[in-house]
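Welcome, and please open the structure in your viewer. We will go from stop to stop, with something to select at each one.

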Amino acid sequence: MSNPLDAREFAALCAALADVSVPFAVPIVAGFDDDGLLAAQRTVAEIRRRADAAAAVIAGEIAHRSRRELGDAGLARRLGARTPEILVARVAGTSAREATSLVRVGAVMTIPTMDAAAPTPWLASVVAAVRAGGLSVDAADAIRVGLGVPDDFVSGESLRVAADALLVMASSLTIEQLAVRARDERAELDAAQVRDREKALRDRRFLRVVPQSDGMTRLAGLLDPESAAIVIGAYDAATSPRRGGPRFVDPDSVDRVEQLLADERTIEQIALDTFVDLVRLGTEVAPDALLGAKKPAVRVLVTERDLAARHGVARIEGQTDPISIDTVERHACEAGIVPLLFDDALHVVNLGRSQRLFTARQRMGLAARDGGCLFPGCDRPPSWCEAHHINEWKRDGGRTDVADGVLLCRHHHLLTHNNGWRVTRRQADYFLVPPPDLGAARTPIPAPSKSVLMRRMRSQQLVTA
């Protein structure tokens, strides 16, 4: 959109596209080769991004003409819509969520963002990417919402740098992953506010029991990240083999998984029965005990430097929101933190080749280092992953060391073994080598860690250097 149309030209173009009397030429793609098919998809995606950018600008102007101070004279109210978002959704035939994104991004795009005096100069590169068709409206909205606005603790320049960094990685992330990374960037810049956000989320937690007229009882609630880590851990342990979770080679585990796969109950029924059993067991033990055993382990990931300085942020494995150092210290007092030792090269300390399988302690190290499946674009968490020897233990004499192991979800683990993919390591960095049928050059693809802890450790190394 480097050469924008004027209002008359734009109206003529829209009319031509909307003319139902002219047949729409849907491409016949069955004859495309793989490269041509993917190229066609990219082209159509860019056309859609450009169209969405135009829609966002229009939505932003609709919102401007419907602003609150205009009252009933505003565009939306004059046409019977309570808000501009409702009007956009009605006119464009979109969902309420899509209309809200169009209005929010449009509001940013319709102001002189490149001007330093504009309200959002830190989003200049994001707006430019949307206008050029290189970034979708939803991706721009995820960055805008995740980064927030400057305040007494975070400057506009810091947000600009963060926005530029997110823009670089946006093409390799889903919208959901980009939203998480944007919140991560804000948390890293705004460590002082993490404690307040953590408390705000905790204050929203609740569980409601609602008896129904048919004799059933409905449960409804919200879990703060700390509580969710415990509940989701139990849920995954009870149901993940039925949901495509990791396979097991330990004979004891295989028997249990086979029984679960043969279970006639639905996944939701298994989850509920597990919850009820846990509550029942909890009521049968001594009053000073919890479920007849020690508290469920909540793995807290934090760098030694942050913990020693009592400043910065930490993470609960499997949760996207950061926690404060105060919470880390509380966990250390209540349940203890299993130490995961990293050397100067960011490797977890090796434990040798004496065993074929990775131990539970080693898997904790892999989880802390990798943050989930290492395949780019895969969002499977550590609990859904299997430990893979980058050099086969039996065939290549590979070591059962954390440095020579990576986490892969079941799908990508099978892909690696059955389709000719390989994982290689260069010091602390890991790469995926595609099979020959995807390119004779077999150019290694970087597989960076998805662990926020590792990103923070690397940033601390850069500061030290």
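Before the tour begins, one term is needed: two strands pair if DSSP finds at least two bridges between them. With that in hand, go to the strand pair where V423 stands opposite L432 in strand 9. Keep in mind along the way that this is a predicted model.

**Stop 1: the hairpin**

Select residues 422-426, which make up strand 8, and then residues 429-433, which make up strand 9. The two strands run antiparallel and are joined by five bridges. Together they form a hairpin, with two residues between them.

Now click on Q427. You will find Q427 in the loop between strand 8 and strand 9. Its phi is positive, at about 55°, although Q427 is not a glycine. Is Q427 buried or exposed? Its relative accessible area is 67%, over the 50% cut-off, so Q427 counts as exposed.

**Stop 2: the sheet around strand 9**

Add residues 445-446 to your selection: this is strand 10, which pairs with strand 9 in the antiparallel sense over two bridges. To see one of the links, show F431 and P446, because P446 in strand 10 is the bridge partner of F431.

You now have an open sheet of three strands in the order 8-9-10, with antiparallel pairing. Which strands stand at the edges? They are strand 8 and strand 10; each has a single partner strand, so one side of each lacks a neighbour in the sheet. As for strand 9, four of its five residues are buried, so the rest of the structure largely encloses it.

**Stop 3: R422**

Stay with strand 8 and pick R422, whose place is in that strand. Its relative accessibility is 42%, and R422 therefore counts as partly exposed. Which residues does R422 touch, leaving aside those up to four places away in sequence? They are F431, L432, V433 and R442. Next, draw a distance from the C-alpha of R422 to the C-alpha of P444: the two are 9.2 Å apart in space and 22 residues apart in sequence.

**Stop 4: another open sheet**

Move on to residues 313-316, which are strand 4. Strand 4 belongs to an open sheet of three strands in the order 3-4-5, and the pairing is antiparallel. The edge strands are strand 3 (300-301) and strand 5 (323-324), each of which pairs on one side only. Strand 3 and strand 4 are linked by two bridges. Select V300 and I316 together, since I316 in strand 4 is the bridge partner of V300.

**Stop 5: two packed helices**

Two packed helices are described by the angle between their axes and the distance between the axes. For an example, select helix 6 (residues 124-131) and helix 8 (residues 156-169), which pack at an angle of about 35° with their axes 8 Å apart. Show the side chains where they meet: S125, V126 and A129 in helix 6, and A163, D164 and L167 in helix 8. Of the residues in this contact, four are nonpolar, one is polar and one is charged.

**Stop 6: the cysteines**

How many disulfides does a search of the whole structure find? The number is zero. Click on C373, which is in no disulfide; the nearest cysteine sulfur is that of C378, 3.7 Å away. C373 has a relative accessible area of 0%, which means that it is buried. C385 is in no disulfide either, and its nearest cysteine sulfur, that of C373, is 5.2 Å away. With a relative accessible area of 1%, C385 is buried.

**Stop 7: zoom out**

Clear the selection and colour the whole protein by pLDDT. The average is 76, and 73% of the residues score at least 70. Look for residues 112-117, where pLDDT stays under 50; the model has eleven contacts for them beyond four places in sequence. Residues 333-344 also have pLDDT under 50 throughout, with 23 contacts beyond four places in sequence.

Finally, switch to a cartoon view of the protein, whose secondary structure comes to 18 helices and ten strands. Of its 465 residues, 35% count as buried. Among contacts between residues at least 6 apart in sequence, 58% join residues at least 24 apart.

Definitions and conventions
Residues numbered from 1 in each chain as written. Predicted model: local features only at pLDDT ≥ 70, side-chain atom pairs only at ≥ 80, totals over all residues. Heavy atoms only, no water. Axes fitted to C-alpha atoms, helices over the stretch in contact; angles between N-to-C directions. Contact = heavy atoms within 4.5 Å. Nonpolar A, V, L, I, M, F, W, Y, C, P; charged D, E, K, R; others polar. Buried < 20%, exposed > 50% of the residue type's maximum accessible area, 1.4 Å probe, protein only. pLDDT = per-residue confidence, 0-100. Disulfide = S-S within 2.5 Å.
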